[in-house]
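The following exercises are to be worked with the sequence and the structure at hand. Each task is followed by a solution in steps.

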2 protein chains.
Amino acid sequence: MKVELISVGTEILLGNIVNTNAAYLSEKCAGLGLSCYFQTVVGDNEERLTQALETAVGRSDIVILSGGLGPTEDDLTKETAAKVCGRPLYLHEPSREAIGNYFAGRGIEPTDNNWKQAMLPEGAIVLENHNGTAPGAIIETESARVILLPGPPNELYPMFEESVAPYLASLNSQVICSTTVKVCGVGESKAETMVKDLIDTQTNPTIATYAKTGEVHIRVTAGAEDKKCAGKLIKPVVKELKARFGNHVYTTDESVTLEKSVADLLLANDLTITCAESCTGGLLSARLVNVPGISEVYKFGMVTYSNKAKRRFLGVKKSTLQKHGAVSEKTAEEMAKGAALESKADVAVAITGIAGPEGGTPEKPVGLVYIACFVKGKTTVKKCQFSGNRGKIREAAVSSALTLTRSCVLEYFSKVTFGKKES
Amino acid sequence: MKVELISVGTEILLGNIVNTNAAYLSEKCAGLGLSCYFQTVVGDNEERLTQALETAVGRSDIVILSGGLGPTEDDLTKETAAKVCGRPLYLHEPSREAIGNYFAGRGIEPTDNNWKQAMLPEGAIVLENHNGTAPGAIIETESARVILLPGPPNELYPMFEESVAPYLASLNSQVICSTTVKVCGVGESKAETMVKDLIDTQTNPTIATYAKTGEVHIRVTAGAEDKKCAGKLIKPVVKELKARFGNHVYTTDESVTLEKSVADLLLANDLTITCAESCTGGLLSARLVNVPGISEVYKFGMVTYSNKAKRRFLGVKKSTLQKHGAVSEKTAEEMAKGAALESKADVAVAITGIAGPEGGTPEKPVGLVYIACFVKGKTTVKKCQFSGNRGKIREAAVSSALTLTRSCVLEYFSKVTFGKKES
């Protein structure tokens, strides 16, 4: 089945916001085995929205509109869709009640405009909104199914997951399932080369790689008559990918991030962690603290940006800084050791580098970063050369630090060299 | 003049990448006074691209296509545009030479495919690519101007700046200029209310508000015969906005971020800063370290996530934690004071809160955050209640901490109450 997206919002046409909803919806539809051939963005304008919607209904089986369900006069997605589909609006009592409750719970008086959101196209399937006042709707016409979703991502995402995804899945005689194999410590092009033969020869399941900062995600998607059969198709491919990438695979669970996998690994081995950061300025700590419940393993971290701070709080030797410089293997090593000593943590990760745009030299160019990881007495230092702007370099350094931490902890416990199974 | 964007790329339709090019081009076009009414995304498919391009040429004056200029068989934007515009492709000698030089400079042998990129539509204006091998092109037809740009942002952005922006500006008899007034410490709806009368009555310049995390940006845009005249139209409006928002205006320079304005303020007053963070886990330090050259004012920061760390490294009293809890005004205050004492910085900012999803109680719900700012002996504490998920709460806390720091430093030096001019 062909699906088409129409995002409604003048703020997208003005470039004020990036159309992340379209990327989200496209990815979800692809995961459900639906082919998306067109994405369109139109402003809050009845004539142009009508034109876009009529075109879409004429060439696609499913049209998903997002945005323009708000209470103001500018919001006219529902009104326009109702007209194009020939379904007049009526007051949907449960939605009116839900809107009333929403405002009552917040102690706010709704304005007259707000009740407009309870008006829905006749015969439409109404989609409850648990995170806002705009209900969604599915209008089933002879030529297409038109789905109306609110624009704010914190309303759209849950509504899609709860109501739209099951609805779309039910239209397909096939069940589409996918598993994502998340890989760290392998570059994008190397990862692609390592799976190229699989991508070229497989048709069901299909295999696709997605490059993320410091990571590659490999998605295996299968269509089958039921979940169990799809799972059977996926399983051997995931097994093959795990064999090829070895310990570089940090999870096959969609919801697990790299920082979460590191946190879980520390938790499972009863280890605490500390960070001593220079150029990343707290980003590594902040990423670990992204993980809810991190307090069991993360207690304390330091941002030692100046040389003085590196000496005073981490005990980096004056002679080290003079001889090797702040961005050096030796300084990184002393930072990690000092952080472990100071915080009494089992694992200490240190980052020191040149994030730019200034400060680079021919010997130590912008993007040069040393990462040290101390695990119960043993310190490993990795030299990295990243490219991009200040922000990109710092992000890449943090991802590499998480990858190094994971490999050092794994090595400490298993004495298995990280990535050994790869060859 | 009406402009329309067509982004070509199956990876956008699959949701693998977010369409940031469209946001970039839309914002640039709006800045040039061009109205963008439609954005379309199509895959690398001749039939559907033809359909999208014919529709666009039929209703818009300028059509900007991005992507699909690569050397592979999948790349067919140029071929399709040439067909739709009735301009056969020919070998453009200077482009062939540039491609040859590009590869020679990198010591790589070009493949046969690469020469395809030197084929250009007859009569087109050729746009040089200084960052890749795909030249861009402008095809001027009777009905519309069709502009072809490469997809990679590091090629598209400079080509737009260098060649397309001056071309589009030359089509307009008017010059379009804008100034952004950046405001912190005022909520979105309050800011909108404060400028509603201006928005409703002004036509040139126009005024638009953009909500950012913890900030509101107000863009004033004027069209005039030349830059000087546009500036004259903008100036009184910016003055009026400054009068209304007082010290809440932190810059009118597009390139200055909130953290940069704080860094500049500290630098100008010869003050150093430190951060002691709990729930934000290093994000505040990381945002300050975003600013190149921050080392003059930022030397050291701490992430004291556990109560033990708060006691040991910041000297927060055991009795304070027992009586008031880690998330309290008193703890925030002691954290800031302790951080200042430990680091010897002039300014110390502390954040302690409940970022969720767990840990909330009826008395201290998720989103409750205390921010303390110490400036040379005087400590100010602010209680905040944020909403959203863990990430949103932490981001909002960091923005509020920057805003509080700014206001406390301003107050210290001027003894002017922050935002006094507002009433």
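The pLDDT is the predictor's confidence in each residue, on a scale from 0 to 100. The model used here is predicted, and the first exercise therefore concerns that confidence.

**Exercise 1. Confidence**

Task: State the mean pLDDT of chain A, locate the stretch where the pLDDT is below 50, and give the scores of the complex.

Solution.
- Step 1. Chain A has a mean pLDDT of 92, and 98% of its residues reach 70 or more.
- Step 2. Residues 419-423 of chain A have a pLDDT below 50; in the model this stretch makes 11 contacts beyond near neighbours in sequence.
- Step 3. For the complex, the predictor reports an ipTM of 0.81 and a pTM of 0.82.

**Exercise 2. Relation of the two chains**

Task: Determine which turn and which shift lay chain A on chain B.

Solution.
- Step 1. A turn of 180° with a shift of 0.9 Å along the axis lays chain A on chain B, with an RMSD of 1.3 Å.
- Step 2. The two copies are therefore related as by a two-fold rotation axis.
- Step 3. The same surface serves both copies, for 100% of the contact residues of chain A recur in chain B.

**Exercise 3. Composition of the interface**

Task: Describe how many residues are in contact between the chains, which elements of chain A supply at least two of them, and what their classes are.

Solution.
- Step 1. The contact involves 49 residues of chain A and 49 residues of chain B.
- Step 2. On the side of chain A that touches chain B, at least two residues come from each of α2 (20-31), β2 (35-42), α10 (283-289), β14 (298-304), α11 (307-314) and α14 (390-414).
- Step 3. Sorted by class, this side of chain A has 26 nonpolar, 17 polar and 6 charged residues.

**Exercise 4. Strand β2 and the sheet of 12 strands**

Task: Place β2(A) among its partner strands, then give the strand order of the sheet and its edges.

Solution.
- Step 1. Within chain A, strand β1 (residues 2-8) runs parallel to β2(A) and is joined to it by 7 bridges. A:V3 stands opposite A:C36 in this pairing.
- Step 2. Across the interface, β2(A) pairs with strand β2 (residues 35-42) of chain B in the antiparallel sense, over 5 bridges. Here A:V41 stands opposite B:Q39.
- Step 3. Of the 8 residues of β2(A), 7 are buried.
- Step 4. The open sheet of 12 strands has mixed pairing and the order β6(A)-β7(A)-β8(A)-β3(A)-β1(A)-β2(A)-β2(B)-β1(B)-β3(B)-β8(B)-β7(B)-β6(B). At its edges stand β6 (125-127) of chain A and β6 (125-127) of chain B; each has a single partner strand, so one side of each is left without a neighbour in the sheet. From one strand to the next, the twist averages 15°.
- Step 5. In chain B, strand β1 (residues 2-8) and strand β3 (residues 62-66) run parallel and are joined by 5 bridges, with B:I6 opposite B:L65.
- Step 6. Helix α2 (residues 20-31) of chain B lies across β1, β2 and β3 of that chain, at about 165° to β1(B). Helix α4 (residues 77-85) of chain B lies across β1, β3, β7 (136-140) and β8 (145-149) of chain B, at about 170° to β8(B).

**Exercise 5. The sheet of 10 strands**

Task: Give the strand order of the sheet of 10 strands, and name a helix of chain A that lies across β15, β16 and β17 of that chain.

Solution.
- Step 1. The order of this open sheet, whose pairing is mixed, is β17(A)-β16(A)-β15(A)-β13(A)-β14(A)-β14(B)-β13(B)-β15(B)-β16(B)-β17(B). Its edge strands are β17 (378-385) of chain A and β17 (378-385) of chain B, each of which pairs on one side only. The twist averages 10° from one strand to the next.
- Step 2. The helix is α14(A), which runs at about 30° to β16(A).

**Exercise 6. A residue of β16(A)**

Task: Decide whether A:F374 is buried or exposed, and list its contacts.

Solution.
- Step 1. A:F374 belongs to strand β16 of chain A.
- Step 2. A residue is buried if 20 or more other C-beta atoms lie within 10 Å of its own. A:F374 has 28 C-beta neighbours inside 10 Å and therefore counts as buried.
- Step 3. Leaving aside residues up to four places away in sequence, A:F374 touches A:A336, A:K337, A:A340, A:V347, A:A348 and A:T379.

Definitions and conventions. Residues are numbered from 1 along each chain as its sequence is written. Chains are lettered from A and ligands numbered from 1 in the order in which they are written. This is a predicted model: local features need pLDDT of at least 70, side-chain atom pairs count only at pLDDT 80 or more; totals for chains, interfaces and linings use all residues. Copies are superposed by least squares on the C-alpha atoms of residues with pLDDT of at least 70 in both. Two residues are in contact if their C-beta atoms, placed from the backbone, lie within 7 Å. Helices (H or I, at least four residues) and strands (E, at least two) are DSSP runs, numbered from the N terminus. Ala, Val, Leu, Ile, Met, Phe, Trp, Tyr, Cys and Pro count as nonpolar, Asp, Glu, Lys and Arg as charged, and the others, Gly among them, as polar. Two strands pair if DSSP finds at least two bridges between them. A residue is buried if 20 or more other C-beta atoms lie within 10 Å of its own, exposed if 12 or fewer, and partly exposed in between; C-beta atoms are placed from the backbone. Axes are lines fitted to C-alpha atoms, for helices over the stretch in contact, and angles run from 0 to 180 degrees between N-to-C directions.
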